[in-house]
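This note is offered to a colleague who is meeting the structure for the first time. The points below are numbered so that each may be read beside the view.

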Amino acid sequence: MTAIQSIRIAERNALAGDGKITKTEAKGLLALATTKEAKAALRDILAHDSFAPGAAKTLTKAAGKLDEKTSSLAGMKLGTVKTNGANLDVVVSKELSPTAGFADEFQAYGAARASGVTPTTVIKDGNTPPRWHAVQTNITVGGKGYAPEKTKLGEVTAMPRAPTPDDFKRLHDDASATRKAFQASGTDANRKAAEAASVKLAAATFGIDPAKIHPMKNDTDILPDKINVTLEIAHGAAYFGDATTNVEPLNTDGTVRSPHGLVVNPVDFRSVTHGAGTLAHEATHKEHHDLGNQVAKEFHDSKTSKSFSDWMKTRKPKLTGDQRDMISEQVANKATTQTELSAYINELAATVAAYPAGDKEAVMTYGSIKSRLGALGNDDKKTLKALYDALDEPHRTEFEKYLPKPG
Ligand SMILES: [Zn+2]
């Protein structure tokens, strides 16, 4: 067993009991940090996990400078649950998202569900604009979730348990059979049954409230703020686009793009992890698209004489180089390289721990990243490096087989 693997197992065990790493457990982790890679795992643990008072200090010297801020959520009490007459605190044991959170709600659901970790909660924080976080909590609670604590957070949503592989198969078979029946005979009753089964499968896969899922009546019936479910077979597992399944070029002259949305075809999901990874991927395109719309509108409203690309460099809040590349790509509408690269990196980051090393889906994602590596921006480089640093064996060996070790 490699040092990094031992550390990850020790971390899991430490969090499993009381949802935090105690001083004794921290000392145990420290003793295992014998390699450079294991120290990188310590940094990741320090940034994301919940610690008993004074316990984090044990690790800080050995870990060195952290790559990101420590999670503002780790250790936070989210609510109370009554079990056998006793009140138990529900606290965040680990943040599963980057500690800065995600711009899009569905990225957080994708990351939470694809992690394979349980139990999970999705949090909308109190920032303006809000950021979305995926967290693991200390105790498993029943279907009703828990009584929420008063916090400064915007929304706290306890996710239901993920379906077992058998449950997933049952839901999947039902969605598949009802859709076939609808395609054979397009009656209203058949459509209703197919829609209901597809929404049920998508909701269970993503761990999301079915009210956030919209069954499309036809290709033009796309709601921008929902997860749209299609009954068409031709669309693959998912896409982000408009009624023609394409993405319109971004105009900087004040012309508004038609509604675009995230469309999924849950019958194409091969597992919970695959479906949730797909959601994390498409939600990344949604984030880039929404940012493009917003920035183009600001540019037009500013009535500046600067070119769009020059103006973007001065925009406040500051856009990263990657974001500017992503938006420029939308204006030219010539390529989707940068947005695809980011989407695949996020998909891999969300799913890799839950996939057995060498899993077909993961290998396909490595390939998709590899073919676009030339477009790698600075933020993507950082994300890929953080992902590599956090990997256990044999996922790390698998990563190195397909992608160069990020420097
Ligand atoms: Zn994509």
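1. Helices α1 and α2 are roughly antiparallel to each other, because angles over 145 degrees count as such and their axes cross at roughly 170 degrees. The two axes come within 9 Å. Helix α1 covers residues 3–18 and helix α2 covers residues 23–32. As throughout this note, the coordinates belong to a predicted model.

2. Which residues of α1 meet α2? On the α1 side they are Ala 3, Ser 6, Ile 7, Ala 10, Glu 11 and Ala 14. Their counterparts in α2 are Glu 25, Gly 28, Leu 29 and Leu 32. Sorted by class, this contact has six nonpolar, two polar and two charged residues.

3. The protein as a whole may be considered next. It contains 14 helices and ten strands. For its 407 residues, a compact globule would have a radius of gyration near 22 Å, and the protein's value of 22 Å agrees with this. Along the principal axes, the C-alpha atoms fill a box of roughly 60 × 55 × 45 Å. Of the 407 residues, 45% count as buried. Among contacts between residues at least 6 apart in sequence, 67% join residues at least 24 apart.

4. One open sheet is formed by six strands in the order β5-β1-β2-β4-β3-β6, with antiparallel pairing. Its edge strands are β5 (147–148) and β6, each of which pairs on one side only. Helix α5 (residues 105–114) packs on this sheet and touches β3 and β4. The direction of α5 makes about 25 degrees with that of β4.

5. Within the six-stranded sheet, β3 (residues 120–124) can be followed to two partners. Five bridges join β3 to β4 (residues 132–137), and these strands run antiparallel. Here Lys 124 stands opposite Trp 132 in β4. Four bridges join β3 to β6 (residues 155–158), again in the antiparallel sense. The bridge partner of Ile 123 in β6 is Val 156. Val 156 belongs, with Ala 158, to the covered face of β6, whereas Glu 155 and Thr 157 form the uncovered face.

6. Four strands form another open sheet, in the order β7-β8-β10-β9, and its pairing is mixed. Strands β7 (213–215) and β9 stand at the edges with a single partner strand each, so one side of each is left without a neighbour in the sheet. From one strand to the next, the twist averages 30 degrees.

7. What makes the pairing of this sheet mixed? Strands β7 and β8 (residues 227–229) pair in the parallel sense over three bridges, whereas β9 (residues 238–241) and β10 (residues 261–264) pair in the antiparallel sense over four. In the former pair, Pro 215 stands opposite Val 229 in β8. In the latter, Tyr 239 stands opposite Val 263 in β10.

8. Two further features concern the surroundings of the four-stranded sheet. Helix α7 (residues 188–206) lies across β7, β8 and β10, and runs at about 155 degrees to β7. At the edge strand β9, the covered face consists of Ala 238 and Phe 240, while Tyr 239 and Gly 241 make up the uncovered one.

Note on methods
Residues numbered from 1 in each chain as written. Predicted model: local features only at pLDDT ≥ 70, side-chain atom pairs only at ≥ 80, totals over all residues. Buried ≥ 20, exposed ≤ 12 C-beta atoms within 10 Å, placed from the backbone. Helix = DSSP H or I, 4+ residues; strand = E, 2+ residues; numbered from the N terminus. Pairing = 2+ DSSP bridges. Rg over C-alpha atoms; globule rule 2.2 N^0.38 Å. Contact = placed C-beta atoms within 7 Å. Axes fitted to C-alpha atoms, helices over the stretch in contact; angles between N-to-C directions. Parallel < 35°, antiparallel > 145°, perpendicular 65-115°, else oblique. Nonpolar A, V, L, I, M, F, W, Y, C, P; charged D, E, K, R; others polar.
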